Amino acid sequence: MTAFFSPFTINGLTLPNRSVRSAIWEGMATDEGRVTSRLVNTMGLLARNRVGLIITGHAYVHPAGQAGPWQTGAYSDDLIDGLRQMTDRVHDEDGRLCLQLAHAGGHAATRLTGRTALGPSAFAGRFGGMCRAMSSEEIQETLEAMAGAARLAQAAGFDAVQIHAAHGYLLSQFLSPATNCRQDDYGGSLENRARFVCNAVRAVRSAVGKGFPVLVKLNSEDFVEDGFQQNDMLRVASLMAEAGVDALEMSGGTITNPQETHCARKVHPSRPDEEVYYRPAARAYKTAISSPLILVGGIRSLAVAEQLIGDGTADLIAFGRPLIAEPGLIRRWQSGNHDVAACISCNRCYVPLQAGQGVSCVVASERHQRKPR
Ligand SMILES: Cc1cc2nc3c(=O)[nH]c(=O)nc-3n(C[C@H](O)[C@H](O)[C@H](O)COP(=O)(O)O)c2cc1C
């Protein structure tokens with residue numbers, strides 16, 4: 001058995017191999033955020049193809065935190081039936097499913113939420129309008145919504161939850177001095193800026209109990225002037241480990257960054273050593289922190305994934321776009337075809353997504369159409 005295809009356990013949850021489907025906004029839910037049969041089938045397909053842990057696209061925990069259309073919701077107990085269908089399907093395929101808990105903060109889609117977006121401080125959101133600073137009551141309400149969504153996930157049969165604290169969304173906005181100018185307990189020093197995410201971890205932990213895996217997705221750095229830096233990440237990761245996180249997924253950049261530093265960069269890896277976007281940060285994390293590390297970003301070949309596990313850079317390897325292009329990637333590798341992933345990181349998967357057709361690989365479907373029949 002190779003390192004990549006060996007099992008790994010996170011707080012009692014044993015994964016059959018080291019592969020993770022990183023969260024991908026699927027754009028397959030209803031206008032109210034209800035799970036559809038298409039979303040259930042998408043998750044089932046990944047599980048059948050032996051992805052070790054599947055993380056859902058970001059699910060909004062509060063109506064004010066919706067990032068975009070057709071996004072899965074986790075803001076009401078009324079949504080449990082669809083969520084349960086999704087976990088049932090994945091379990092039928094012997095897979096493991098984790099719900100990503102999210103709030104878009106100052107980047108919420110106000111045309112969908114019908115309210116002013118809320119951030120740590122006022123700043124211009126990606127849709128052009130200014131958000132306003134959350135009151136301490138609104139912070140408390142959001143923490144309760146995170147805990148409520150985690151409870152819902154557990155009741156719906158999920159195997160884990162992941163708190164989304166990366167990519168410039170709400171918790172990441174609180175961590176960054178570029179968007180957090182608060183002068184209360186939630187702003188100023190790094191410890192204060194980390195208070196929201198640490199309290200979210202505590203709230204979620206107390207909702208789901210000790211034996212349920214709680215993960216966090218965090219940036220290695222934001223790549224933004226005056227933003228969250230690698231040293232901040234190491235300190236925050238250690239605070240979160242103390243607060244009860246079972247594993248951290250490391251990403252980087254924000255959704256409003258230019259392409260070169262975006263969380264889903266367009267760069268096409270031409271050499272295996274260019275594949276891994278955050279290798280030095282991952283190594284720094286593994287030297288300083290004992291909690292397991294899931295690494296995402298630009299990883300495209302089995303040899304690189306094996307090397308990252310083998311040399312201790314990461315414990316698990318996450319794939320975003322490669323599994324859109326090729327849901328059967330992990331099964332293909334396991335069956336002995338070790339060709340590099342088909343994904344060319346072109347980001348055209350956003351095109352059908354933004355048109356309301358659900359995420360898919362445009363390149364793969366063009367290739368399919370060109371095939372002689
Ligand atoms: C279409 C699309 C949707 C995404 N949705 C999410 C999301 O819901 N939550 C999240 O944390 N990251 C999201 N990401 C980022 C991915 O999880 C991942 O971090 C990024 O694509 C880099 O990994 P890759 O090079 O393997 O694709 C998304 C990326 C893409 C391309």
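Is N11 buried, exposed or partly exposed? Select N11 in this predicted model and count what surrounds it. N11 has 16 C-beta neighbours inside 10 Å, and so it counts as partly exposed. A residue needs 20 or more such neighbours to be buried and 12 or fewer to be exposed. N11 sits in the loop between β1 (8–10) and β2 (13–15). Its backbone is also worth a look: N11 is not a glycine, yet it has a positive phi of about 40°.

**Stop 2: D94**

Select D94, which is in the loop between α2 (80–92) and β6 (97–102). D94 also has a positive phi, of about 65°, and is not a glycine either. Around D94 there are 10 other C-beta atoms within 10 Å, so D94 is exposed. To check a distance in the viewer, pick the C-alpha atoms of D94 and A203. These two residues are 109 apart along the chain, and their C-alpha atoms are separated by 29 Å.

**Stop 3: F158**

Next, select F158, in the loop between α4 (136–155) and β9. How many other C-beta atoms lie within 10 Å of F158? There are 25, so F158 is buried. Now add L97 to the selection. F158 and L97 are 61 residues apart in sequence, but their C-alpha atoms are 5.6 Å apart in space. Leaving out residues up to four places away in sequence, F158 touches T87, L97, C98, L99 and A153.

**Stop 4: the nonpolar core**

Select V161 and V204. These are the residues with the most contacts inside the largest nonpolar core, which has 123 residues. Helix α7 (residues 195–208) gives the largest share of this core, nine residues. In soluble globular proteins, nonpolar side chains tend to be buried together.

Keep V161 selected and show its contacts. Beyond its neighbours within four places in sequence, V161 is in contact with C98, L99, L101, A150, A153, V204, V208 and V214.

**Stop 5: strand β10 and its partners**

Select residues 214–219, which form strand β10. Six of the six residues are buried, so β10 is largely enclosed by the rest of the structure. In a regular strand the side chains alternate between the two faces of the sheet. In β10, V214, V216 and L218 point one way, while L215, K217 and N219 point the other way. The buried residues thus include K217 and N219 as well as V214.

Add strand β9 (residues 160–165), which pairs with β10 in the parallel sense over five bridges. Then add strand β11 (residues 247–251), which also pairs with β10 in the parallel sense over five bridges. Which residue of β10 stands opposite A165? It is L218. L218 also stands opposite M250 in β11.

**Stop 6: helix α10**

Select residues 302–310, helix α10. Its buried residues are L302, V304, A305, L308 and I309. Look down the axis of α10: the buried residues fall within an arc of 165°, so they line one face of the helix. On the other side of α10, A303 and G310 are exposed.

What do the buried residues of α10 pack against? Add β12 (293–295), β13 (316–319) and α12 (329–334) to the view to see these partners. Just after α10, select G312, which takes a positive phi of about 80°.

**Stop 7: strand β13**

Keep β13 on screen. L316 and A318 point one way from β13 and I317 and F319 point the other way, and all are buried. Add strand β3 (residues 19–21), which runs parallel to β13 and is joined to it by three bridges. The strand β12 pairs with β13 too, in the parallel sense over two bridges. Now centre on I317 in β13. I317 is the bridge partner of S19, and L295 stands opposite I317 as well.

**Stop 8: the ligand**

Finally, select the ligand and the 25 residues around it. Which of these residues come nearest? They are S22, A23, H58, G320 and R321. Colour the shell by residue type: it divides into 13 nonpolar, ten polar and two charged residues. To see helices that contribute, select α11 (321–325) and α13 (350–354), each of which supplies at least two residues of the shell.

Notes: Residues are numbered from 1 along each chain as its sequence is written. This is a predicted model: local features need pLDDT of at least 70, side-chain atom pairs count only at pLDDT 80 or more; totals for chains, interfaces and linings use all residues. A residue is near a molecule or strand if its C-beta atom, placed from the backbone, lies within 6 Å of it. Helices (H or I, at least four residues) and strands (E, at least two) are DSSP runs, numbered from the N terminus. Ala, Val, Leu, Ile, Met, Phe, Trp, Tyr, Cys and Pro count as nonpolar, Asp, Glu, Lys and Arg as charged, and the others, Gly among them, as polar. A nonpolar core is a set of buried Ala, Val, Leu, Ile, Met, Phe, Trp, Tyr and Cys residues joined through C-beta atoms within 7 Å. Two residues are in contact if their C-beta atoms, placed from the backbone, lie within 7 Å. The arc is that of the directions from the helix axis to the C-beta atoms. Two strands pair if DSSP finds at least two bridges between them.
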